[in-house]
Amino acid sequence: MRADRLVATLLLLQSRGRVTATEVAAELAVSERTARRDLEALATAGIPVYPQRGRGGGWALVGGARTDQGGLTVGELRELFLITDGPGVPPSPHEGGTPHLRALERAVVDGTQVRLGYERPEGPPEERIVHPLGLATKAGVRYLVAGTGADRGAGGLRIFRLGRVTSVEPTGAPVVRPEGVDLAAVWRSLASTVEERMRAATVRARAERGAEAALRALFAGRLRLGGPLAHGWMAFEVDGPSPQALAAQLAGLGSRIEILAPREAREHLARLAAELAALYGPPTAPRAR
């Protein structure tokens, strides 16, 4: 089972400080290619593992740390990887960056509570103490799975989108892991809720042929391409949290797309266009060389 192999690779890193793909392959009786993929998967899963260049090479934990994983058992370590949805999926280019990723990776590995600053979708930013339990990726977007201290069971767990994290301050207090909770099942439940929210509204539109790559980068599995239309257009549909949110995302493609329905999305796009035109004015003609 790959999750067990990942845990074994991590424990090998913990005991030796630095390993090569050749050493991992020999210890776990796998090919060097498999060992290298597993080491890369650890980094993708949120463990601060990085390749070392130069003479000797190999892989090591950030700063050469040899932590005890906050006292986690092998079974609990395995859960950290089971909540990774789609390892190898790169972060979304539209996520806005995750500058606090390393600090959260360290908190997960060390099992340390943090004071988390978080920009909520609605309402003012909040700051609260959370218990980081794992990092996950869904559709190229990174999330932190953390306990909130409100409940020792699954009811006290929630997910935080890393792109909305504004600050991370370690408190030094140890993480309290909920007892009798299957973290992988919790992630699947929470991720399902996120997925439902991301498909609450549908926009129908048309796009210039050749815009497929840009649309896939924006919406991934929420995009449905239709057949060709007249004059070089193609039909498509996309799901999102609201017509307004979808209109804002599609605005970056300019005249390469036209929203057909619903009316709320068209009106929101028109308001955005008017606001931008009022702020920046009409485009200036390029200077002759």
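Let's start with a yardstick: a residue is called buried when its relative accessible area is under 20%, exposed when it is over 50%, and partly exposed in between. Arg224, with a relative accessibility of 35%, therefore counts as partly exposed. Keep that scale in mind as we walk through this structure, which is a predicted model.

A good place to get your bearings is an open sheet of 4 strands, lined up in the order E10-E11-E9-E12 with antiparallel pairing. E10 and E12 are the edge strands, each with pairing on one side only. If you look at how neighbouring strands sit against each other, they are turned by 25° on average, ignoring direction.

Two helices pack on this sheet. Helix H7, which covers residues 212-219, touches E9, E10 and E11, and its direction makes about 160° with that of E10. Helix H8, residues 243-250, touches E9, E11 and E12, and its direction makes about 25° with that of E9.

Now zoom in on E9 and E12. These two run antiparallel and are joined by 4 bridges. Here you'll find Arg206 standing opposite Glu258 in E12. Their side chains also meet in a salt bridge, at 2.8 Å from N to O. Glu258 belongs to strand E12 (residues 257-261) and Arg206 to strand E9 (residues 201-208), so this pair ties together parts that lie 52 residues apart in sequence. How accessible is Glu258, in relative terms? Its relative accessible area is 27%, so Glu258 is partly exposed. Arg206 also counts as partly exposed, at 24%.

Glu258 has another salt bridge to show you: its side chain meets that of Arg266, at 3.6 Å from N to O. Arg266 is partly exposed too, with a relative accessibility of 39%.

Next, hop over to E10 and E11. The side chains of Asp239 and Arg224 meet in a salt bridge here, at 2.8 Å from N to O. Asp239 sits in strand E11 (residues 233-240) and Arg224 in strand E10 (residues 223-228), so the pair ties together parts 15 residues apart in sequence. Is Asp239 buried or exposed? At 7% relative accessibility, Asp239 counts as buried, while its partner Arg224, as we saw at the start, is partly exposed.

This pair isn't on its own, either. Salt bridges with shared partners join Arg199, Arg224, Glu237 and Asp239 into one network. And if you'd like to go hunting for others, a search of the whole structure turns up 9 salt bridges.

Technical notes. Residues are numbered from 1 along each chain as its sequence is written. This is a predicted model: local features need pLDDT of at least 70, side-chain atom pairs count only at pLDDT 80 or more; totals for chains, interfaces and linings use all residues. Side-chain values use heavy atoms; hydrogens and water are left out. A salt bridge is a side-chain nitrogen of Lys or Arg within 4 Å of a carboxyl oxygen of Asp or Glu. Buried means under 20% relative accessible area, exposed over 50%, partly exposed in between (1.4 Å probe, protein chains only). Two strands pair if DSSP finds at least two bridges between them. Axes are lines fitted to C-alpha atoms, for helices over the stretch in contact, and angles run from 0 to 180 degrees between N-to-C directions. Contact means heavy atoms within 4.5 Å.
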